[in-house]
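Got the model open in your viewer? Then let's take a walk through it, one selection at a time.

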Amino acid sequence: MSIRSRNLAVLSAFTLLLHAPFLARPFHNDETNYLDMAANVFDHPLTPLNFTYIFQGMRIDMAGHPHPPLVAYLLAALWSLRGWASPKFFHAAFLIFPLAIAWAAYFIAEHFFEDAKDKRAALWVALLVSAAPAVQVAANSVETDTPALAFLLTGAAFFLARRWIPAGILFALAGCTALQTLPVIVILLAGGLL
């Protein structure tokens with residue numbers, strides 16, 4: 001087994017063990033908004049944000065939601081596979097995003113560490129990113145934060161590897177998940193072209 005394969009196996013096991021205790025946690029906070037959007041995908045697939053909901057006792061138009069609806073489409077796809085909104089199933093499916101964040105952090109760090117001894121440093125960087133409180137907390141929900149970061153970091157990893165088409169697709173997915181990723185993408189592109 002190569003050093004990279006061993007490191008990725010350790011990183012994957014570490015990341016999955018971090019999130020395993022939270023898989024059965026009930027939906028809460030903004031997750032209910034994303035589930036409402038996902039439910040609306042079935043009735044209005046082209047306009048999933050075209051409905052109103054009650055927020056803190058007031059009727060609010062979801063069209064004013066600050067994130068594009070990609071996560072709503074992902075949740076609707078999971079919902080159609082499962083047949084109902086299962087917290088355990090949805091949280092387990094969304095584990096792909098913290099795994100992608102961890103792996104992308106590893107490949108980005110590896111890009112900057114050249115020799116074999118520094119492969120351990122790349123693993124430590126990825127372990128720290130995976131265990132970072134912001135990643136740990138956000139990755140236990142079915143909201144936009146973790147998918148957006150996963151698409152952004154994997155896009156950056158492909159960009160650094162000069163794999164332009166996958167990088168472009170992943171950057172587009174990041175933008176379709178959370179608009180705040182767009183300036184970061186522009187910064188990466190500007191830095192890479194200079």
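**First stop: Phe94**

Select Phe94 and show what surrounds it: leaving out residues up to four places away in sequence, Phe94 touches Val71, Leu75, Leu78, Ser141, Val142, Glu143 and Pro147. Contact here means heavy atoms within 4.5 Å.

Before moving on, a word on what you are looking at: this is a predicted model, where local features need pLDDT of at least 70 and side-chain atom pairs count only at pLDDT 80 or more, while totals for chains, interfaces and linings use all residues. Residues are numbered from 1 along each chain as its sequence is written, and side-chain values use heavy atoms, with hydrogens and water left out.

**The cores**

Phe94 is also one of the residues with the most contacts inside the largest nonpolar core, along with Met37, Leu75 and Phe90. That core has 37 residues. A nonpolar core is a set of buried Ala, Val, Leu, Ile, Met, Phe, Trp, Tyr and Cys residues joined through side-chain atoms within 4.5 Å. Buried means under 20% relative accessible area, exposed over 50%, and partly exposed in between (1.4 Å probe, protein chains only).

Now colour helix H2 (31-43), helix H3 (70-82), H5, H8 and helix H9 (164-177): each supplies at least two residues of this core. Helices (H or I, at least four residues) and strands (E, at least two) are DSSP runs, numbered from the N terminus. Which helix gives the largest share of this core? That is H8, with seven residues. Apart from this core lies another, of ten residues, including Ala102, Leu123, Ala126 and Leu127.

**Along helix H8**

Select residues 145-160 to pick out H8. The helix has 16 residues and reaches 22 Å from its first C-alpha to its last, close to the 22 Å expected at 1.5 Å a residue; the expected span is 1.5 Å times one less than the number of residues. Is H8 mostly covered or mostly uncovered? Mostly covered, with twelve of its 16 residues buried. Among them are Thr146, Pro147, Phe151, Leu152 and Phe159. Just after H8, click on Arg162, whose phi is positive, near 60 degrees.

For a neighbour of H8, try Ala100, which is found in helix H5. Ala100 has a relative accessible area of 19%, so it counts as buried. Leaving aside neighbours within four places in sequence, Ala100 is in contact with Ala150 and Thr154. Both Ala150 and Thr154 are buried residues of H8.

**Rings to look at**

Next, show the aromatic side chains. How many aromatic pairs does the structure hold? There are nine. Rings of Phe, Tyr and Trp (its six-membered ring) pair if their centres lie within 6.5 Å; planes under 30 degrees apart count as stacked, over 60 as edge-to-face and the rest as tilted.

Start with Tyr106 and Phe107: their centres are 5.7 Å apart and their planes lie at 85 degrees, so this pair is edge-to-face. Tyr106 is buried, at 0% relative accessibility, whereas Phe107 is partly exposed at 28%.

Then go to Phe159 and Phe171, a tilted pair with 6.3 Å from centre to centre and 50 degrees between the planes. Phe159 lies in helix H8 and Phe171 in helix H9, so the pair ties together parts that are twelve residues apart in sequence. Phe159 and Phe171 are both buried. Add Phe27, Phe89 and Phe90 to your view as well, since ring pairs link them into a cluster.

**Two salt bridges**

The structure holds two salt bridges. The term stands for a side-chain nitrogen of Lys or Arg within 4 Å of a carboxyl oxygen of Asp or Glu. Select Glu110 and Arg4, whose side chains meet at 2.6 Å, N to O. This pair links distant parts of the chain, with Glu110 in helix H5 (residues 96-112) and Arg4 in helix H1 (residues 3-19), 106 residues apart. Glu110 is buried, with a relative accessible area of 8%, while Arg4 is partly exposed at 40%.

The other bridge joins Arg25 and Glu31, with the closest N and O atoms 3.2 Å apart. Arg25 and Glu31 are both buried.

**Last stop: the hairpin**

Finish with strand E1 (residues 52-55) and strand E2 (residues 58-61), which pair in the antiparallel sense over four bridges. Two strands pair if DSSP finds at least two bridges between them. Phe55 stands opposite Met58 in E2, and Ile54 has Arg59 as its bridge partner. Two residues sit between the strands of this hairpin, where Gln56 takes a positive phi near 50 degrees.
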